[in-house]
Amino acid sequence: MSESSPKSSPPKRGSLRIFLGYAAGVGKTYTMLEEAQRRRAAGVDIVIGYFEPHGRKATIEKTEGLETIPRRKVSYRGTVFEEMDTEAILARHPQVCVVDEFAHSNVPGSERAKRWEDVRLIQDAGIDVLTTMNVQHIESLNDQVWQVTGIRVRETIPDWVVEEADEIVMIDLSPRALLHRLERGVVYAPDKALRALENFFTETNLTALRELALRQAAHQVEDHRGAAGPSGSAEKILIHLTADPSTAMLIRRGRRVADYLQTECLAVYVAKDPQWTDVTPEERIAIEKHLGFARSLRIETTILTGRDTAKAIADFARERKVTQLFLGRHSKDARRIVDNARDLVITVAAARRR
Amino acid sequence: MIPAGDRRPSPDELLRRLECEETDQRRGRLKIFLGYAPRVGKSIRMFDEGFRRKKRGQDVVVCAIQPRGAEQVAEKIAILEVAGTGALDIDCILRRKPEVALVDELAVNNPPSSTHPKRWQDVKEVLDNGINVITALNIQHIEEEQDAIERITGKRSAHSVPKSFIRSADEIEVVDVPEEELVKAGPEDSAQRQQLSQLREMALCIAAEVIEGQLQRYMDLHGIRQAWGTQERILICITPRSNAKAMIESGRRNAERFHGQLLAAYVEQPDLSREDQETLDANLDIARKVGAEIHVLQGANVVDEIIRFAQEHRVTQIFIGHTQRSRWLPFMRNAVDRLIEAAEGMDVRIFPQVQST
């Protein structure tokens with residue numbers, strides 16, 4: 001095949017490099033800007049699309065000499081917010097764009113809800129992107145992070161978005177060194193630092209998050225190499241959705257296992273009748289939310305109708321050649337499903353608690 | 001069912017706690033910068049840290065510099081006192097007694113007639129004398145990893161440091177860069193990239209493993225029994241009846257893909273038929289062959305024993321075989337039901353039985 005392409009074809013998609021950390025202050029932005037400076041020195045046309053200074057002197061110094069695209073002002077409910085100006089970046093069209101805080105949620109009313117969506121748009125235009133994120137923003141780790149830290153991270157990124165990155169770089173720092181930075185006021189202003197130390201920044205929390213980050217980076221390095229062999233193996237996972245709030249946890253776990261085993265992942269909801277008359281309006285909203293959540297993680301969803309949930313699932317599983325069923329432990333049908341699908345591997349997913 | 005919080009620590013746990021408490025307070029702190037290949041920037045990171053500590057008023061002395069790449073760190077070293085460049089002069093360091101000793105490259109064989117044959121032993125003595133040490137290490141030099149590394153690179157380093165010494169470090173930091181930045185353009189660059197990627201994955205996993213050890217020690221010390229699942233631990237429950245082959249194969253693949261740990265356990269049963277005993281032994285043998293850690297449990301109640309063991313080892317996934325429902329008492333909870341109920345914080349994966357039974 002020829003390398004050259006006609007002018008009308010879309011540009012080659014820009015690459016994405018993620019600087020991965022496990023907490024504020026480990027040096028993600030600093031390292032990213034160092035890389036930006038190296039590329040600028042090598043003659044690359046590079047701009048800062050978004051940078052969050054957090055008042056950190058050493059980091060701010062690293063932006064010197066780099067062109068910055070001014071932020072866009074967005075007013076929402078009487079307050080003015082500043083967001084990345086994606087359109088201005090596209091118009092400027094550099095070779096490389098630096099975008100801090102990949103997991104950021106844009107102010108409501110923005111063109112796109114999440115910054116990672118802006119980044120994909122920038123990549124689509126053929127611009128390479130350098131970005132930063134912490135491991136706790138990965139969707140499928142949300143429950144583990146909550147169990148470890150007690151914090152429900154709201155700004156999450158679907159795993160597939162992170163896994164599509166061309167490069168991931170682990171920005172490692174020992175928790176002790178990070179705590180020292182915090183105590184010296186390098187990371188946050190003193191009052192905020194004190195609160196951070198009491199809550200999130202305990203040595204155990206940080207150690208656990210750091211391990212998750214290292215394992216995530218190792219996993220991606222391995223996948224990037226194609227070490228797991230050809231994907232699309234014979235295995236296939238099916239997640240049983242219900243109205244139960246633990247379903248979100250079940251979806252994340254099923255997705256994570258499917259990703260690690262590189263198998264296809266499906267989800268199913270079984271309604272008793274086509275009008276869903278057996279569920280309350282609240283339950284219906286919850287089920288629809290779970291179906292939408294599954295789809296956002298690129299899980300194919302199906303709604304079945306059948307009086308006998310256990311039988312409907314087992315039949316569907318056999319028809320679609322599913323090898324493994326994922327059930328919530330709170331599902332009232334779990335026991336009957338287990339009895340109905342004795343030829344399948346069934347995983348009753350953990351319920352994490354604090 | 002055993003309530004998670006209401007359990008006395010086992011003798012094993014108590015022993016682990018005691019061991020944790022015994023570490024000597026006067027020992028210097030050891031910090032290691034770990035890299036997956038030469039040129040990832042370990043030395044720069046190390047001297048950078050020494051430089052910053054010096055600026056904050058700590059008494060930092062350079063005790064060894066690698067001849068290669070010395071120009072790159074010259075600027076950082078300029079403000080530091082240099083007490084040695086080639087071989088580590090241990091007597092000199094102990095006399096000088098700095099707060100922090102910088103030792104570039106931990107894996108060095110000392111010349112004959114030195115106090116210790118290996119540099120890491122020198123470092124140990126320096127630490128024992130209350131001096132903090134910051135050092136740099138390449139994973140190619142970790143003794144226990146050298147077989148695996150030789151399989152990847154075809155080469156084996158003559159210098160090595162035992163893993164136990166690395167585990168004893170107070171801090172370990174990975175110096176990570178994309179392998180792309182180390183690949184030298186040429187006809188073999190794709191093979192090079194492949195190798196570097198494998199080494200890089202190894203370095204990240206070794207660091208994760210060391211940190212997991214620290215985390216477990218901390219949790220043992222503070223009596224935290226929760227399984228946070230930072231590392232996946234898979235427990236395969238083996239019986240004569242279970243379809244062990246499928247379970248073990250799935251367990252192996254899961255452990256491999258998650259970089260997790262694989263455990264297998266069976267609860268001793270009295271009066272096994274000879275046939276059952278043979279099947280059991282064969283099953284355990286398969287588990288052993290794929291590298292599972294085998295545990296034999298004792299106790300009258302199989303489910304209780306498995307749950308107790310799983311909690312103690314912070315297992316994240318339990319693999320068991322389907323159990324036949326009683327024909328006479330179909331509403332009675334069977335072992336699988338009870339296990340699911342008790343294993344709240346763990347995934348329970350149930351496998352089909354062998355067809356013939």
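Two residues are in contact if their C-beta atoms, placed from the backbone, lie within 7 Å. Among contacts in chain B between residues at least 6 apart in sequence, 73% join residues at least 24 apart. The model is predicted: local features need pLDDT of at least 70, side-chain atom pairs count only at pLDDT 80 or more, and totals for chains, interfaces and linings use all residues. Residues are numbered from 1 along each chain as its sequence is written, while chains are lettered from A and ligands numbered from 1 in the order in which they are written.

Start with chain B. Chain B has twelve helices and eleven strands. These are DSSP runs, numbered from the N terminus: H or I over at least four residues for helices, E over at least two for strands. Of the 357 residues in chain B, 40% are buried. Buried means that 20 or more other C-beta atoms lie within 10 Å of a residue's own; exposed means 12 or fewer, and partly exposed is in between. The domain assignment, automatic or from a database, splits chain B into domain 1 (12–221) and domain 2 (233–351). Their C-alpha centres lie 40 Å apart.

Next, the sheet that spans both chains. Ten strands form an open sheet with mixed pairing, in the order 11(A)-10(A)-9(A)-12(A)-13(A)-11(B)-10(B)-7(B)-8(B)-9(B). Strand 11 (300–305) of chain A and strand 9 of chain B are the edge strands, and each pairs on one side only. Pairing requires at least two bridges found by DSSP between two strands. Strands of a sheet pair through backbone hydrogen bonds, either parallel or antiparallel. At the chain junction, strand 13 (residues 345–349) of chain A and strand 11 of chain B run antiparallel, joined by three bridges. There, Thr347(A) has Arg349(B) as its bridge partner. Within chain A, three bridges join strand 9 (residues 236–240) to strand 12 (residues 324–328), and this pair runs parallel. Ile237(A) is bridged to Gln324(A) in strand 12 of chain A.

Helices pack on this sheet. Helix 9 of chain B touches strand 7, strand 8, strand 10 and strand 11 of chain B; its direction makes about 175° with that of strand 7 of chain B. Angles run from 0 to 180 degrees between N-to-C directions, with axes fitted as lines to C-alpha atoms, for helices over the stretch in contact. In chain A, helix 12 (residues 309–319) lies across strand 9, strand 10 (264–271), strand 11 and strand 12, at about 150° to strand 10 of chain A.

The contact between the chains takes 40 residues from chain B and 42 residues from chain A. Helix 8 of chain B gives the most to the chain B side, with 13 residues.

Now look at helix 11 (residues 302–312) of chain B. Val303(B), Ile306(B), Ile307(B), Phe309(B) and Ala310(B) are buried. They sit on the same side of the helix because they cover an arc of only 165° around the axis. The arc is taken from the directions from the helix axis to the C-beta atoms. These buried residues pack against strand 7 (233–237), strand 8 (261–267), strand 9 (293–297), strand 10 (317–321) and helix 12 (335–342) of chain B. Just after helix 11 of chain B, Arg314(B) takes a positive phi of about 50°.
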